[in-house]
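Here is a short briefing to read alongside the sequence and the 3D view. It starts with the nucleic acid strands and then turns to the fold of one protein chain.

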2 protein chains.
Amino acid sequence: MGVRISELSRRSGVPTATIKYYLREGLLPPGRAVAATQADYDESHLRRLRLVRALIGVRGLSVSATREVLGAVAAHAGERHQVLGLVLGARPVDEGGGRQGGDRQGGSGQAGGEGQAGGEGPGGGEGPGGGEEQAPAPGAAEVAALIGELGWAVSEHAPARAVLGETLETLRSLGAELSHDVLRQYAELAERTAVLDLDELDPRADPLEQAERALLRTVLMEPALLALRRLAQENESARRNA
Amino acid sequence: MGVRISELSRRSGVPTATIKYYLREGLLPPGRAVAATQADYDESHLRRLRLVRALIGVRGLSVSATREVLGAVAAHAGERHQVLGLVLGARPVDEGGGRQGGDRQGGSGQAGGEGQAGGEGPGGGEGPGGGEEQAPAPGAAEVAALIGELGWAVSEHAPARAVLGETLETLRSLGAELSHDVLRQYAELAERTAVLDLDELDPRADPLEQAERALLRTVLMEPALLALRRLAQENESARRNA
DNA sequence: CCACATTGGGTAGTGGCACTATCTATGTTA
DNA sequence: TAACATAGATAGTGCCACTACCCAATGTGG
């Protein structure tokens, strides 16, 4: 019924040392300890291992982000409400500067307290005087407005809100601000994409397995969507300058 | 006319040591050397510096990926054909395994030669015959078919092709294969997104500046698009289980 | 029953990366 | 001229994803 770690390694292509590392990091549940130096791993471990590899290698998540995502999925696996988008911060939620990319990075905090430049740019106009230190959230208001306008029901503290707000804010500070109207159009396209995403989630047997599938379709799909967009951009660009 | 490095640092919020590092790495063009220990930096340097910070900090690109993207933009800045999507691999194009995420990562290549597990999965049925050791590209055929079907005009060796193919292949190997039809629907949404992207590119004065703006709108926009999708997913999920 | 490769578990080491600190020989400026 | 800032070069830091080693306990074959 169970295989040993070396078999798991051979079947997945992942070195045993790395598997042990993932075990230690909690990305993989421990095998059934049949003895002090023997543990059994089953198909679910293999599946999980491949999933982990894909999240880390293909999507580029960090080990800690992967652990969080996996944990969140497990926690919500049983719920009728498959709020996957909610948990998939896919980005270390570190309060404060909100640094780093969806994958990893690291870097010790920003520079000083000033955080990411951003404001103070050309137009300026940002906090006139009291920047204070309690900056609530960059661009949060605009995001909230958008969500309200579209009538979306999303958690007040969904990480994606912050990511979106921060990005819009940065775009603005660099003089490439998006008009509210254009932003809404992007949001509508995102809405259609989400519909597609969820259509593909057929109710399967095992809830955990289904949750993992959903994870695949959402997180792992991200590089593919970005790639599609780049291809589409190239095509559109060619069309316009035909 | 020019400011010194400390001024650049103060205006951007980036420590001088880091600016020097970027200079060394070629992310920032050197200032006009007015003396052995004095160089002048102008507005373009400040703009570039902020752009770099955004690409690295918000989008999460690695320094080397940033350098490549910037270089590609500069190279194509003058061309009538703003093929930005083409150059924006946003992913180290390392032939072979195609590892790592859009940002960084690193990791020494995969494990052994076996590469990323992948095949051998459940269904299997991949390559009709050959396979051999000269694997041309995973999922390349499917991607080519899609592109042909949509009538897109994209370069034969656009990095995005490989990224897409690899992701689809991984999805397949994990048992979450996308039907060709669904994939096409995603592609159509990507097409609309691309139209929006390009609509926003107004012809500005300086070609380099315009190229940088385009970069902002394409690369920097990525986290925002993914965030929008996650929010939309949450909303859609809530709607369905209302 | 026993040599012996394998395992689980733990600890230390490696290489890459994005910075960051220091140092020196200038240069500027009060 | 003295205090102070630079450019440029080199070394160091902290984090991360692994990877190598070590050890005692096993299971396995002969």
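**Protein and DNA at a glance**

In this predicted model, DNA strand C is surrounded by 24 residues, and the closest are Ile5(A), Ser6(A), Thr18(B), Ala36(B) and Thr37(B). Of the strand C atoms that come within 4 Å of the protein, 70% are sugar and phosphate. DNA strand D has 26 residues around it, with Thr18(A), Tyr22(A), Thr37(A), Ile5(B) and Ser6(B) coming nearest.

**Around DNA strand C**

- Two contacts to phosphate oxygens of strand C use the protein backbone: an N or O atom of Ala39(A) lies 3.3 Å away, and one of Val63(B) lies 3.0 Å away.
- Tyr22(B) uses its side chain instead, with an N or O atom 3.0 Å from a phosphate oxygen of strand C.
- At least two residues each of the surface near strand C come from α1 (5-12), α2 (16-25) and β2 (38-40) of chain A, and from α2 (16-25) and α3 (43-59) of chain B.
- α2(B) gives the most to this surface, namely five residues.
- By class, the residues near strand C are 11 nonpolar, seven polar and six charged.

**Around DNA strand D**

- Sugar or phosphate makes up 71% of the strand D atoms within 4 Å of the protein, and bases make up the rest.
- From chain A, a polar side-chain atom of Thr37(A) sits 3.0 Å from a sugar or linking oxygen of strand D.
- From chain B, the side chain of Ser6(B) places an N or O atom 2.9 Å from a phosphate oxygen of strand D, while a polar backbone atom of Ala39(B) is 3.4 Å from a phosphate oxygen of that strand.
- Two or more residues of the surface near strand D come from each of these elements: α2 and α3 (43-59) of chain A, and α1 (5-12), α2 and β2 (38-40) of chain B.
- α2(A) has the largest share of that surface, with five residues.
- The surface near strand D divides into 12 nonpolar, seven polar and seven charged residues.

**The fold of chain A**

- Chain A holds nine helices and two strands, and from the N terminus they follow the order α-α-β-β-α-α-α-α-α-α-α.
- Chain A has 242 residues, and 50% of them count as buried.
- Among chain A contacts with a separation of 6 or more, 59% join residues 24 or more positions apart.
- The accessible surface of chain A is about 11200 Å², and carbon and sulfur atoms account for 52% of it.

Notes: Residues numbered from 1 in each chain as written. Chains lettered and ligands numbered in written order. Predicted model: local features only at pLDDT ≥ 70, side-chain atom pairs only at ≥ 80, totals over all residues. Heavy atoms only, no water. Helix = DSSP H or I, 4+ residues; strand = E, 2+ residues; numbered from the N terminus. Buried < 20%, exposed > 50% of the residue type's maximum accessible area, 1.4 Å probe, protein only. Contact = heavy atoms within 4.5 Å. Areas by Shrake-Rupley, 256 points an atom, 1.4 Å probe, with all protein chains shown as cover. Near = heavy atom within 4 Å. Polar contact = N/O pair within 3.5 Å; in protein donor to acceptor, adjacent residues only side chain to side chain. Nonpolar A, V, L, I, M, F, W, Y, C, P; charged D, E, K, R; others polar.
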